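Got a fold to poke at, so let's walk through it in questions and answers. Have a look at the sequence and the coordinates first.

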Amino acid sequence: MRIMGLDYGTKTVGVALSDELLLTAQPVMTIERKSENKLRRTLAQIEELIEKYEVSFVVLGYPKNMNNTIGERAKATEEFKEHLERRTGLDVVLQDERLSTVESQRILIESGVRREHRKEYVDKMAAAVILQSYLDMNQTCS
């Protein structure tokens, strides 16, 4: 059993996977989106990864505003969640992702990734941060 973490954006979707023991999250890839309004290809790529890695459910980053309100990006994420659940038949859990990109940037800087290369890693790293926060929260509750 594995859990998939996603960082859904207008141009990209960062993808991360848990290990089989559900202890750690690893960044996997960044899916490039051709158009913000077209999801078919993006959903197909996610579905392939779900089958390949035998994913049991998905944790989707939920971009709430810093004051805890729901903005346009969060509404778009809720719609993406519905599409993903319909397409895959899996449960999709929304996980607060505030500051996940900031944390991802910090990790990349500390890891010595050069500035010009960070953009190619930041989305999948953000997905890993989102998934890891979910895993950590659920381990302390167990």
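Q: Which strands does helix α2 (residues 72-88) lie across, and at about what angle does it run to β4?
A: Keep in mind that this is a predicted model. Helix α2 lies across three strands, namely β1, β4 and β5. Relative to β4, α2 runs at about 165 degrees.

Q: What is the strand order in the open sheet?
A: Five strands make up the open sheet, and their pairing is mixed. β3 (25-32) and β5 (92-96) each have a single partner strand, so one side of each is left without a neighbour in the sheet. Neighbouring strands are turned against each other by 25 degrees on average, ignoring direction. With β3 at one edge and β5 at another, the order reads β3-β2-β1-β4-β5.

Q: Do β1 and β4 run parallel or antiparallel?
A: Strand β1 (residues 2-8) and strand β4 (residues 55-62) are joined by five bridges. I3 has F57 of β4 as its bridge partner, and M4 stands opposite V58 in β4. The two strands run parallel.

Q: How many residues does the hairpin from β1 to β2 pass through?
A: β1 and β2 are joined by five bridges and run antiparallel. One facing pair here is L6 and V15, the latter in β2. The hairpin gets from β1 to β2 through three residues.

Q: Why is β1 largely enclosed by the rest of the structure?
A: Buried here means under 20% relative accessible area. β1 has seven residues, and it is largely enclosed because the buried ones number six of the seven.

Q: What angle does the direction of helix α1 (residues 40-53) make with that of β3?
A: Helix α1 packs on the sheet. Its contacts there are with β1, β2 (12-18), β3 and β4. Against the direction of β3, that of α1 makes about 150 degrees.

Q: How far apart are the end C-alpha atoms of α2?
A: α2 has 17 residues, and at 1.5 Å a residue they should span 24 Å. The model agrees with that expectation, since the end C-alpha atoms of α2 are apart by 24 Å.

Q: Within what arc do the buried residues of α2 fall?
A: The buried residues of α2 are A74, A76, T77, F80, K81 and L84. An α-helix has 3.6 residues a turn, so residues three or four places apart point the same way. Seen down the axis of α2, the buried residues line one face of the helix, because they fall within an arc of 150 degrees.

Q: Which exposed residues sit on the face of α2 turned away from its buried side?
A: The buried residues of α2 pack against β1, α1, β4 and β5. The face turned away from that buried side carries the exposed residues E72, E79 and R86.

Q: Is N68 partly exposed or buried?
A: N68 is found in the loop between β4 and α2, and its phi is positive, near 75 degrees, although N68 is a residue other than glycine. Its relative accessibility is 43%. Since exposed needs over 50% and buried needs under 20%, N68 counts as partly exposed.

Q: Where is L22 found?
A: L22 is not a glycine, yet it has a positive phi of about 60 degrees. L22 is found in the loop between β2 and β3.

How values were computed:
Residues are numbered from 1 along each chain as its sequence is written. This is a predicted model: local features need pLDDT of at least 70, side-chain atom pairs count only at pLDDT 80 or more; totals for chains, interfaces and linings use all residues. Side-chain values use heavy atoms; hydrogens and water are left out. Two strands pair if DSSP finds at least two bridges between them. Helices (H or I, at least four residues) and strands (E, at least two) are DSSP runs, numbered from the N terminus. Axes are lines fitted to C-alpha atoms, for helices over the stretch in contact, and angles run from 0 to 180 degrees between N-to-C directions. Contact means heavy atoms within 4.5 Å. Buried means under 20% relative accessible area, exposed over 50%, partly exposed in between (1.4 Å probe, protein chains only). The expected span of a helix is 1.5 Å times one less than its number of residues. The arc is that of the directions from the helix axis to the C-beta atoms.
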